[in-house]
Amino acid sequence: MHVTLDTMVDTLKAAAESSRLRILVLLSRGDLTVSDLTEILGQSQPRVSRHLKLLLDAGLIGRYQEGSWAFFRLSDTDASRDFVQRLVSGVREADPQVVRDLERLAAVKRKRQDRAAEYFSENAASWDRIRSLHVPDRAVEAALLKLVGKRPFQSMLDLGTGTGRLLEIFAPLYRRGVGIDMSREMLTVARANLDRAGVANAQVRQGDIFSPPVERNAFDLVTIHQVLHYLDDPARAIAEAARLLRPAGRLVIVDFAPHDLEFLRDQHAHMRLGFSDRQIADWFEEAELDLEDSQEFEPRGQAEAKLTVKLWLGRDRRLLIADPSNDALPAKAYPMGETA
């Protein structure tokens, strides 16, 4: 991506100030609020807000709302992120000011983890009851990793991200990851988990799965893990997820096979008691996705009250015509049956 000389000068001016460069270093480690940055930098909120506005105007960072909180992150555009990453990589971590900033950042992240631990302790019994009914999560995760493969890709979106676990396990593969969840409590858990795992190339945001705050035609992999059964309109969620895929992008769904455990509806807010292969195939067809794979994971033990976990893989039908001169850029797309 090429920019004009004036644009480059403005961008360099925005970053060429010690506090703003410190902010970029901090945001390269994860999303932060104004309050977080005020605490870390030891500056007044108006001053920090002024620095953030200049960085926003230069397109170096982005902003998103989560209830009454506003979070700031590095820009979503590849060119801006690359520029900032190259810039901050030249800053010595041994610099006394940077050392202090990173120590305060660690303290902010510890507070997040404490809040997450409190939320987990309050809800652990409910989650453990459901987990006891199906195959261990690790078995499903191993199948997901095998299914997606080892080839790196540009971007991943996890709809209903929950604890952020899928963002964590796929972090070595994607360049940019985004998780969406309506629950601020779960977003606190996800941020704490990603911080603890050292995942700096992913962010989580509050948003509705039916209208996620992300761009369309932008993701190589979209995941919906144990979310569909909470929705009153799963078909609509699948259709929306399909619109977010790049040409030849993949949608992976993990959920339960049909079952008759009514207590999950009564006590755990499950709207749907599982899904059949036929249902998912029909919804994929409506969303113009090809069902490429379906896997089943039998429950543990022999008790009757058990859940079978299902995994479905769909792919966007548009052909991906790669540009051999630059593998990092999005390829051209053509509908099935058309060529360049």
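# Strands and a helix: worked exercises

Strands β4 (residues 153-159) and β7 pair in the parallel sense, over 4 bridges. Keep in mind as you go that this is a predicted model.

## Exercise 1

Work out which strands flank β7, and how the chain gets from β7 to β8.

**Solution.**
- Step 1: Start on the β4 side, where M156 stands opposite L221 of β7.
- Step 2: Now look for β8. It is joined to β7 by 6 bridges, and the two run parallel. One facing pair here is I224 and I253, the latter in β8.
- Step 3: Follow the chain. From β7 it passes through helix α10 (residues 234-243) to reach β8, and this β-α-β crossover is right-handed.
- Step 4: Check the cover. Of the 7 residues of β7 (residues 219-225), 6 are buried, so the strand is largely enclosed by the rest of the structure.

## Exercise 2

Find the strands that pair with β10, and say in which sense they run.

**Solution.**
- Step 1: Take β8 (residues 245-256). It pairs with β10 in the antiparallel sense, over 7 bridges. Within this pairing, L251 has G314 of β10 as its bridge partner.
- Step 2: Take β9 (residues 289-297). Its pairing with β10 is antiparallel too, over 8 bridges. Here Q295 is partnered by L311 in β10.
- Step 3: Look at β10 itself (residues 309-316). It is mostly covered, with 7 of its 8 residues buried.

## Exercise 3

Trace the route from β5 to β6 and decide how well β6 is covered.

**Solution.**
- Step 1: β5 (residues 174-181) and β6 run parallel, joined by 5 bridges. For example, G177 has A202 in β6 as its bridge partner.
- Step 2: The chain goes from β5 through helix α9 (residues 184-197) to β6, in a right-handed β-α-β crossover.
- Step 3: In β6 (residues 202-206), 4 of the 5 residues are buried, so the rest of the structure largely encloses this strand.

## Exercise 4

Show which side of helix α7 is buried, and what covers it.

**Solution.**
- Step 1: Size up α7 (residues 137-148). Its 12 residues reach 17 Å from first C-alpha to last, close to the expected 16 Å.
- Step 2: List its buried residues: V140, E141, A143, L144, L147 and V148. They cover an arc of only 160 degrees around the axis, which puts them on the same side of α7.
- Step 3: Recall the helix rule: with 3.6 residues a turn, residues three or four places apart point the same way.
- Step 4: Turn to the other side of α7, where R138 and K146 are exposed.
- Step 5: Find the cover. The buried residues of α7 are covered by elements including β4, α8 (165-169), β7, β8, β9 and β10.
- Step 6: Finish at G149, which follows α7 and has a positive phi, near 90 degrees.

Terms used: Residues are numbered from 1 along each chain as its sequence is written. This is a predicted model: local features need pLDDT of at least 70, side-chain atom pairs count only at pLDDT 80 or more; totals for chains, interfaces and linings use all residues. Side-chain values use heavy atoms; hydrogens and water are left out. Buried means under 20% relative accessible area, exposed over 50%, partly exposed in between (1.4 Å probe, protein chains only). Two strands pair if DSSP finds at least two bridges between them. A crossover is right-handed if, with the strands pointing away from the viewer, the path from the first strand over the helix to the second runs clockwise. The expected span of a helix is 1.5 Å times one less than its number of residues. The arc is that of the directions from the helix axis to the C-beta atoms. Contact means heavy atoms within 4.5 Å.
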